[in-house]
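Visitor: Got a minute to walk me through this one? I'd like to start with what touches what.

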Amino acid sequence: MTRRKLRRELFNAITSLDVVRVSEIATSDPSIVNAPDSHRNVPLTEAISTGRLDLVKVLTQHGADPHHRNHGGGSLLNYAAFSGRQEIAKHLISLGVESQ
């Protein structure tokens, strides 16, 4: 499977809330958890948008970078906080992410 297809499959698993499949994909190619799209959004961005802490944890446990910033310089912590994802924001802080 090409890297592009694997990344697409990972995003599909995240949007489908399929924690098991996300874990399987991340295990098969750990670098895929930090693969950005054209806007520098990473799979962790998509997981935060779902509001599912379990998805965020699976990705970070597989090496997703919680310190990542998108194309505009926005942090994942700010995205979580401004999206009302308090538990996810707390998790990111527990991983050492600091507010801007």
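Guide: Sure. One term before we start: contact here means heavy atoms within 4.5 Å. Also, keep in mind that this is a predicted model.

Visitor: Fine. So which residues is I48 in contact with, leaving aside its neighbours within four places in sequence?

Guide: I48 touches V56, L76, Y79, A80, R85, I88 and L92, once those sequence neighbours are set aside.

Visitor: And how many residues does the largest nonpolar core have?

Guide: That core has 26 residues. I48 is among those with the most contacts inside it, along with V22, L44, L59 and L92.

Visitor: Which helices supply at least two residues of this core?

Guide: Six helices do so: α1 (3–15), α2 (19–28), α3 (43–50), α4 (53–61), α5 (76–82) and α6 (86–94). As background, nonpolar side chains tend to be buried together in soluble globular proteins.

Visitor: Let's zoom in on α2. Which of its residues are buried?

Guide: V22, I25 and A26 are the buried residues of α2. They sit on the same side of the helix, because they cover an arc of only 95° around its axis.

Visitor: What covers them?

Guide: The cover over the buried residues of α2 includes α1 and α4.

Visitor: And which exposed residues are on the face turned away from the buried side?

Guide: V20 and S28 are the exposed residues carried by that face of α2.

Visitor: Switching to charges. How many salt bridges does a search of the whole structure find?

Guide: Five turn up in the search. One of them joins the side chains of D29 and R3, at 3.4 Å from N to O. That pair links distant parts of the chain: R3 belongs to helix α1, D29 to the loop between α2 and α3, and they are 26 residues apart.

Visitor: Is R3 buried, exposed or partly exposed?

Guide: R3 counts as partly exposed, because its relative accessibility is 43%.

Visitor: What does E24 pair with?

Guide: E24 forms a salt bridge with R21, and their closest N and O atoms are 3.0 Å apart. Both residues lie in helix α2, three residues apart, which is about one turn of the helix. E24 has 40% relative accessibility, so it counts as partly exposed. R21 is partly exposed too, at 27%.

Visitor: Any others you can show me?

Guide: R52 and D54 also meet in a salt bridge through their side chains, 2.7 Å from N to O. R52 is at 27% relative accessibility, so it counts as partly exposed. There is a network as well: salt bridges that share partners join E9, R21 and E24.

Visitor: Back to R21, then. How far apart are R21 and E9?

Guide: R21 and E9 are 12 residues apart in sequence and 9.0 Å apart in space, going C-alpha to C-alpha. Setting aside neighbours within four places in sequence, R21 is in contact with E9 and A13.

Visitor: Last topic: R7. Where does it lie, and what is the nearest side chain of opposite charge?

Guide: R7 lies in helix α1. The nearest side chain of opposite charge is D37, 4.2 Å away, and R7 is buried yet has no salt bridge. A salt bridge needs the nitrogen within 4 Å of a carboxyl oxygen, so that pair misses the cut-off.

Visitor: What else is around R7?

Guide: A polar atom of the R7 side chain lies 3.5 Å from the backbone oxygen of P36. Beyond its neighbours within four places in sequence, R7 is in contact with I32, A35, P36, D37 and N41.

Methods: Residues are numbered from 1 along each chain as its sequence is written. This is a predicted model: local features need pLDDT of at least 70, side-chain atom pairs count only at pLDDT 80 or more; totals for chains, interfaces and linings use all residues. Side-chain values use heavy atoms; hydrogens and water are left out. A nonpolar core is a set of buried Ala, Val, Leu, Ile, Met, Phe, Trp, Tyr and Cys residues joined through side-chain atoms within 4.5 Å. Buried means under 20% relative accessible area, exposed over 50%, partly exposed in between (1.4 Å probe, protein chains only). Helices (H or I, at least four residues) and strands (E, at least two) are DSSP runs, numbered from the N terminus. Lys and Arg count as positive and Asp and Glu as negative; His and the chain ends are not counted. A polar contact is a pair of N or O atoms within 3.5 Å; within protein, one must be able to donate a hydrogen and the other to accept it, and residues adjacent in sequence count only if both atoms are side-chain atoms. The arc is that of the directions from the helix axis to the C-beta atoms.
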